[in-house]
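Let's take a walk through this one, looking at where there is empty space and then at how a pair of helices meet. Have the structure open and follow along.

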Amino acid sequence: MSPASPPRLAPLNILAHTATTALGAGLAAQRQGLRARRSGLRPNDFGDEPLPCWIGRVAGLEEVTLPPDLAGFSCRNNQLAWLALQQDDVLAALQQVRERHGASRVAVVMGTSTSSIGATEEAYARLEADADGNLHFPPDMLRPRIHTPHSLGDFVQAATGLGGPCVTVATACSSSAKVFAQAARLINAGLADAALVGGVDTLCGSVLYGFNSLQLVAPTPCQPFDARRVGLSLGEAGGYAVLERVGAGPATPLQLRGYGESSDAHHMSAPHPEGLGARLAMQAALQRAGIDAAELGYLNLHGTSTPANDSIEAAAVAALFPPSLHASSTKGWTGHTLGAAGIVESVFALLALSDGVLPGTLNSEIPDPACGPQIRFANAQAEIDYAMNNSFGFGGNNCALVFGKAG
């Protein structure tokens, strides 16, 4: 039996959006990198004993300093969250919604996979013994607020002064896509009038060595959907979007139009072999947006460059969309940014809508015969009305988002 179609989503205006990745800070850096097909990946130089692989590292992050009143939150993840927050008039948009609704009516919904676990790694690496031989964190790491999964949401709320519901979503690589769905539910339930959504994840030992232990890390730059692909390249990133109920403020050119979520419940780290959960998420997103599959102009694929993920996602796409769809993975530009992938690739989908530049798939040259005609390697120029982003995570949790031009 097919699941019942979800109701249409009341669109949400997008007042501002931004991303900071290995391509640089803010939208201008992302635009330039995508247009020039310039990758942000570089040989791994992270950690004391770098793994032989390529990474998407944000340059200059170590020099970012938090304001004195936020110093207790200082760690690599929150430094990136702070850097990304300063870009593309996000703070100005937040000020506008605060003035219209009050700080208590603006929600904060952040997505992350590992939050500030890099700081916790450092604390354990530097354990100190007291007079009785008991081990403790060093004094400068005795900051409980950074050693929790909610470190990111806690920090962003403190940094912005917003007082509405504050949620951290941690569903692996779908985390900062699901924040859009969570925010839509909060707003449509009347619990908030606007929301700051986003996600941040930074490189750390747990990420690099954890994925390497699963034999998923490629020794060379990732090649999504290429017949020669052998694994992913990891990256770090942060980004945000400011959402508001339509009619509550001035009209905006871009909107969140639909979302779809599903759970494979198939395997801890592998997708369903037939991509059933992925297809359900995409179908639900289209239904909430009230559009047909043929109306979609661009699809940013999860496209991690692992053999299983790419072929399964491509099959799900081919079963749902016509051959004319332009679908691609942008992880060759940024690396797989894990819990930040949802917001970063949503920003890329929004850039496709606003600029008409549909990214291809960087580093990939030889199409996998198992993948359908929707998978594109070259950039294209086209005016489109709707774009989708797919973000899929461990445990088979899936999220698809539809963005559109205001009509």
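This is a predicted model, and a good place to start is its largest pocket. That pocket has a lining of 30 residues, and if you want to find its centre, look for Phe46, Gly118, Glu121, Glu122 and Leu203, which lie nearest to it. The space inside comes to about 630 Å³.

Which elements give two or more residues to that lining? They are α2 (76–85), α4 (117–125) and α7 (205–213). Of the elements, α4 supplies the largest share, with five residues. As for chemistry, the lining of the largest pocket is a mixture: 11 residues are nonpolar, 10 are polar and nine are charged.

Now for space that is closed off. Rolling a probe the size of a water molecule over the atoms shows where empty space is left. Counting cavities of 30 Å³ or more gives one, and the space in this largest cavity is about 50 Å³. To find the cavity, pick out Arg31, Leu34 and Arg35, then Phe348, Leu351, Ala352 and Asp355, and finally Val357 and Pro359; together these residues line it.

Two helices, α1 (27–36) and α11 (341–355), each give two or more residues to the cavity lining. The largest share, four residues, is from α11. What classes of residue line the cavity? Six are nonpolar and three are charged, with no polar residues in the lining.

Last stop: the place where helix α8 meets helix α9. Here α8 covers residues 276–289 and α9 covers residues 307–320, and their axes come within 9 Å of each other, crossing at roughly 40°. Angles under 35 degrees would count as roughly parallel, and roughly perpendicular begins at 65, so α8 and α9 are oblique to each other. The handedness of the α8 and α9 crossing is right-handed.

Which side chains should you light up to see this contact? On the α8 side, show Ala278, Arg279, Met282, Gln283 and Leu286; on the α9 side, show Ala316, Val317, Ala319 and Leu320. Sorted by class, the residues in the contact of α8 with α9 are seven nonpolar, one polar and one charged.

Key:
Residues are numbered from 1 along each chain as its sequence is written. This is a predicted model: local features need pLDDT of at least 70, side-chain atom pairs count only at pLDDT 80 or more; totals for chains, interfaces and linings use all residues. Side-chain values use heavy atoms; hydrogens and water are left out. Axes are lines fitted to C-alpha atoms, for helices over the stretch in contact, and angles run from 0 to 180 degrees between N-to-C directions. Angles under 35 degrees count as roughly parallel, over 145 as roughly antiparallel, 65 to 115 as roughly perpendicular and the rest as oblique. A crossing is left-handed if the near helix is turned anticlockwise from the far one by less than a right angle, and right-handed if clockwise. Contact means heavy atoms within 4.5 Å. Ala, Val, Leu, Ile, Met, Phe, Trp, Tyr, Cys and Pro count as nonpolar, Asp, Glu, Lys and Arg as charged, and the others, Gly among them, as polar. On a 1 Å grid over the protein atoms alone, a cavity is a set of points where a 1.4 Å probe fits but cannot get out, and a pocket is an open set with protein on both sides within 12 Å along at least five of seven lines; lining residues have an atom within 4 Å of a point. Grid points are joined across faces, edges and corners, and a volume is the space filled by probe spheres set on the points.
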